[in-house]
Amino acid sequence: MKSVERGKTLDPFSGDGFDPFGLSKNKPRPRSPVLHGGPSIDRDGSQSISIQGPPEVNRLTRASAEQRDPLEKSGGGGAFSLSEAIDDGDAISVSSARSMPLPPKLSIRFIIHEEVSSMALLDAENEGASEVCSEGTLQVQVRSSDANKNVPFVLIPAALSGSKIDFKANDEFTRKPKKIGLPFHVVDVPKPIMTPVSIGTYSLTEQVRHMPLLLERKVTMYNETCRVAVQVRSKLSNEGNLTDFTIAVALPERINVETIEVVRGNGTCDELKRTVKWTVGELVKGESFMVSALCKLWSRSTPADEANLRFPVLLRCTANLDKISSVEFRAMQADGHPASVQFTKTHSFRLLHRLK
């Protein structure tokens with residue numbers, strides 16, 4: 001039996017070039033093994049050939065060691081530097097960027113309370129508006145992400161109506177800037193103080209067209225009988241409810257106070273002061289209530305009495321989430337004290353409103 005030498009094939013037509021179907025064109029050519037270190041002789045005297053595997057490829061860059069950037073494979077040439085890989089004008093030091101601290105976060109809470117006295121304007125030109133005098137107090141509560149100190153910040157008071165605001169700052173926690181005449185103050189609250197502190201007081205007089213409530217009065221007469229009704233409406237756009245209502249109606253001289261009868265609401269009559277007073281605990285925003293009383297005139301009424309007979313109304317109430325004046329306070333970082341400043345505001349007022 002003939003032995004086939006290495007590298008020979010059993011195909012008798014393999015050497016004459018006969019290939020009518022073109023099989024040799026589609027047949028993949030065998031890959032020649034890569035010899036590494038030459039042939040080796042085993043103990044039994046046979047030769048063995050070591051075949052080198054595929055080159056090592058970086059899974060991230062998909063490049064072999066020969067194709068990699070010289071900076072990456074320089075073993076003894078020094079470590080890779082970002083500043084050397086980019087232009088000198090755009091060089092960035094990674095270590096300095098990491099060591100640069102972020103500015104502290106400064107959370108400021110403004111607590112604003114106002115004592116408001118207002119009078120409704122009844123002329124046709126200013127219908128629905130009121131003349132308002134506000135006296136307010138400003139408290140501030142500061143929280144800082146810096147565990148060691150609270151950085152100062154700039155306080156800017158302003159009136160959106162354009163009216164002049166008279167702000168008197170508390171010198172214990174505020175100071176004026178070096179440039180005289182600037183309308184702001186620098187506030188510095190020590191870190192140990194966690195509770196709200198008084199920063200200052202303010203006052204201003206302005207005309208307000210949209211009060212948080214609407215006060216209306218209706219007087220009807222028939223012969224010697226007179227009926228007065230008062231209605232209060234709370235605006236739907238209010239933040240919260242109005243509470244602690246007191247409504248007082250003054251009785252003119254032509255009214256016989258001995259004939260007063262409260263027909264609607266929880267009211268009482270004070271004959272000595274010639275007033276009728278009602279109290280209401282709470283008025284939900286967007287809702288209304290009405291109070292009324294009957295009385296007798298000393299004499300029969302005339303058509304002129306309905307136009308000239310006045311029942312002045314005085315209303316008191318409080319609110320814990322709303323405001324009346326156009327005063328606004330803002331906070332921003334002070335020069336030389338970088339910080340990420342955020343602020344919130346809480347409003348409250350006590351109102352004394354008059355309707356002549």
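Three exercises with worked solutions follow.

The model is predicted: local features need pLDDT of at least 70, side-chain atom pairs count only at pLDDT 80 or more, and totals for chains, interfaces and linings use all residues. Residues are numbered from 1 along each chain as its sequence is written, and side-chain values use heavy atoms, without hydrogens and water.

**Exercise 1.** Find which strands are the edge strands of the open sheet 7-8-5-18.

Solution. Strands are DSSP runs of E, at least two residues, numbered from the N terminus. Two strands pair if DSSP finds at least two bridges between them. The sheet has 4 strands, and the pairing is antiparallel. Strand 7 (174–175) and strand 18 (327–333) each pair on one side only, which makes them the edges. Now look inside: 3 bridges join strand 5 (153–159) to strand 8 (185–187). Phe 153 stands opposite Val 187 of strand 8.

**Exercise 2.** Determine what the side chain of Arg 274 reaches.

Solution. Locate Arg 274 in the loop between strand 14 (267–270) and strand 15 (275–283). Arg 274 is buried (under 20% relative accessible area, 1.4 Å probe, protein chains only). Arg 274 has no salt bridge (a side-chain nitrogen of Lys or Arg within 4 Å of a carboxyl oxygen of Asp or Glu). The nearest side chain of opposite charge, Glu 253, is 4.4 Å away. The side chain of Arg 274 does reach the backbone oxygen of Pro 252, at 2.7 Å.

**Exercise 3.** Decide whether Asp 244 is buried or exposed.

Solution. Asp 244 lies in strand 12 (242–250). Its phi is near 55 degrees, a positive value in a residue other than glycine. Asp 244 has 51% relative accessibility, so it counts as exposed (over 50%).

Definitions and conventions. Lys, Arg positive; Asp, Glu negative; His and termini not counted. Polar contact = N/O pair within 3.5 Å; in protein donor to acceptor, adjacent residues only side chain to side chain.
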